[in-house]
Amino acid sequence: MKSKFEKKRILVTGACGTIGSELIRQILEEHDVEELIGIDNNESELFFLEQQYSKYPNARFFLADIRDQAKLSRKMRHMQIVFHTAAFKHVIFCEKSPFEAVQTNILGVQNLITAAQENDVERVIFTSSDKAVNPTNVMGTSKLMGERIMTAANSNLRKGRTVLASTRFGNVLGSRGSVIPIFRDQIRKGGPVTLTDPEMTRFIMSINEAVQLVIDSSLIVCGGEVFITKMPVIRVKDLAEVMVQELASYYGHRPEDIEITNIGVKPGEKMYEELMNHEETRRAWELPEYFVVLPAFKDLYRDISYTYPDILSRQVTNPYHSGNEIPLAKDQLSDFLKANDLLFEINSKKLHDDL
């Protein structure tokens with residue numbers, strides 16, 4: 001698969017975010033690309049990112065906002081592949097400022113599509129979220145609209161070669177806003193570790209896995225699909241207990257002295273995580289690493305043949321949500337955290353100083 005990126009020109013939005021920055025790392029370190037452009041509106045973090053990859057003459061970084069369609073169009077000239085990771089992702093802030101979420105997560109996607117079609121980009125991959133499934137908040141609804149716009153734009157393309165699709169996955173452990181840094185800080189302080197509900201379940205994956213699957217999906221995309229990454233499931237209570245056992249002594253505490261308390265479910269929060277709803281099962285296929293949801297509406301101007309390597313089944317009967325899956329045992333969860341270096345904090349300030 002790596003050879004398919006050889007000598008390609010790739011643009012990544014949200015370059016300073018968790019997924020965007022890992023995409024950039026993997027593309028530059030593992031693929032021989034002609035050019036990589038990273039854009040973000042975070043000036044300070046963009047500076048550090050540019051310093052980090054200063055040895056790569058094919059990497060360029062620019063201040064830009066996806067609300068600026070003209071700027072996007074200029075930066076997309078001669079680009080062949082676009083990974084769109086820029087978004088507002090925090091539920092509570094999108095709820096407090098809903099039109100800001102609309103401008104970035106919905107209108108920003110439309111700006112990206114327009115720029116890509118103007119420049120005849122080959123492939124555009126939009127990174128979505130489990131919160132887009134049966135959404136209960138503004139953030140999830142805005143991500144669902146992003147998916148729908150991508151699929152509709154693909155089916156309405158009258159001319160050109162641009163293929164647009166989405167990928168959808170759940171919690172990326174270790175990413176900004178994930179629960180691991182919160183639990184870690186609570187353990188450092190001696191507790192209590194706060195749970196919203198002991199029966200709550202979530203899909204999980206590492207940042208490296210999430211990004212690798214985003215890259216792989218871009219290589220098999222046909223147009224308008226939503227790729228749903230298969231992920232292991234955990235109980236959030238098990239995560240808290242494992243982290244207490246692994247980290248308490250490191251921070252000078254006894255595990256038995258750190259209390260785990262239940263504070264109640266937050267407004268709009270689900271007990272389980274959904275990655276595919278019942279309606280989508282009727283048009284979903286199963287691949288080894290994904291479920292792929294085909295568009296509900298036929299492409300208007302192109303006859304797309306949906307073919308993928310290693311199709312396991314063209315029939316999916318059960319909605320894919322964490323309440324239907326068997327959670328990892330605690331020892332498996334501990335192994336997962338250790339294998340992906342998720343237990344201990346990375347000193348980002350020291351990293352920047354070293355640069």
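**Figure 1. The segment before strand 1, with Lys7.** Lys7 sits in the segment that comes before strand 1 (9-13). Its phi is near 65°, a positive value in a residue other than glycine. As you browse this and the following views, please keep in mind that the model is predicted.

**Figure 2. Confidence along the chain.** How does the chain score on average? The mean pLDDT is 91, and 96% of the residues score at least 70. One stretch to treat with care is residues 347-355, where pLDDT stays under 50. For those residues the model has five contacts beyond four places in sequence.

**Figure 3. The open sheet of nine strands.** Here you can follow nine strands in the order 3-2-1-4-5-6-10-15-14, joined by mixed pairing into an open sheet. Which strands stand at the edges? They are strand 3 (59-63) and strand 14 (284-286); each has a single partner strand, so one side of each is left without a neighbour in the sheet. From one strand to the next, the twist averages 20°.

**Figure 4. Strand 5 beside strand 6.** Within the order of the nine-stranded sheet, this view picks out strands 5 and 6. Strand 5 (residues 123-129) and strand 6 (residues 163-169) run parallel, and seven bridges join them. A handy pair to look for is Thr127 and Thr167: Thr127 stands opposite Thr167 in strand 6.

**Figure 5. Helix 2 over the edge of the nine-stranded sheet.** Helix 2 (residues 43-52) lies across strand 2 (35-40) and strand 3. With respect to strand 3, helix 2 runs at about 170°. Strand 3 is also one of the edge strands of this sheet.

**Figure 6. The open sheet of three strands.** This sheet is open too, with the order 7-9-11 and mixed pairing. Strand 7 (171-173) and strand 11 (233-235) are its edge strands, each pairing on one side only. With direction ignored, neighbouring strands here are turned by 55° against each other on average. How many bridges join strand 9 to strand 11? There are three, and the two strands, of which strand 9 covers residues 201-206, run antiparallel. Among the residues to find in this view is Phe203, whose bridge partner in strand 11 is Val233.

**Figure 7. Helix 8 on the three-stranded sheet.** Helix 8 lies across strand 7 and strand 9. The helix runs at about 75° to strand 9.

**Figure 8. Helix 1 against helix 8.** Two packed helices are described by the angle between their axes and the distance between the axes. Helix 1 (residues 18-30) and helix 8 (residues 207-220) pack at an angle of about 70°, and their axes are 9 Å apart. That angle makes helix 1 roughly perpendicular to helix 8. The crossing of the two helices is right-handed. On the helix 1 side, the contact is made by Thr18, Ile19, Glu22, Leu23, Arg25, Gln26, Ile27 and Glu30. Helix 8 contributes Ile207, Asn208, Ala210, Val211, Gln212, Val214 and Ile215. Sorted by class, this contact of helix 1 with helix 8 has eight nonpolar, four polar and three charged residues.

**Figure 9. Helix 7 against helix 9.** Helix 7 (residues 179-188) and helix 9 (residues 236-247) have axes that come within 10 Å and cross at roughly 45°. Is helix 7 oblique or perpendicular to helix 9? The angle makes helix 7 oblique to helix 9. Helix 7 passes helix 9 in a right-handed crossing. From helix 7, look for Val179, Ile180, Phe183, Arg184 and Ile187; they meet Val236, Leu239, Ala240, Met243, Val244 and Leu247 in helix 9. The residues of this contact divide into 10 nonpolar, no polar and one charged.

**Figure 10. The cis peptide bond after helix 7.** Pro192 lies in the loop between helix 7 and strand 8 (193-195). The peptide bond leading from Gly191 to Pro192 is cis, with omega near 0°.

**Figure 11. Helix 9 against helix 11.** Helix 9 also packs with helix 11 (residues 330-339), at an angle of about 65° and with the axes 10 Å apart. Helix 9 passes helix 11 in a right-handed crossing. Asp238, Leu239, Glu241, Val242, Met243 and Glu246 of helix 9 make the contact with Lys330, Leu333, Ser334, Leu337 and Lys338 of helix 11. By class, the contact of helix 9 with helix 11 has five nonpolar, one polar and five charged residues.

How values were computed
Residues are numbered from 1 along each chain as its sequence is written. This is a predicted model: local features need pLDDT of at least 70, side-chain atom pairs count only at pLDDT 80 or more; totals for chains, interfaces and linings use all residues. Side-chain values use heavy atoms; hydrogens and water are left out. Axes are lines fitted to C-alpha atoms, for helices over the stretch in contact, and angles run from 0 to 180 degrees between N-to-C directions. Helices (H or I, at least four residues) and strands (E, at least two) are DSSP runs, numbered from the N terminus. Angles under 35 degrees count as roughly parallel, over 145 as roughly antiparallel, 65 to 115 as roughly perpendicular and the rest as oblique. A crossing is left-handed if the near helix is turned anticlockwise from the far one by less than a right angle, and right-handed if clockwise. Contact means heavy atoms within 4.5 Å. Ala, Val, Leu, Ile, Met, Phe, Trp, Tyr, Cys and Pro count as nonpolar, Asp, Glu, Lys and Arg as charged, and the others, Gly among them, as polar. pLDDT is the predictor's confidence in each residue, from 0 to 100. Two strands pair if DSSP finds at least two bridges between them.
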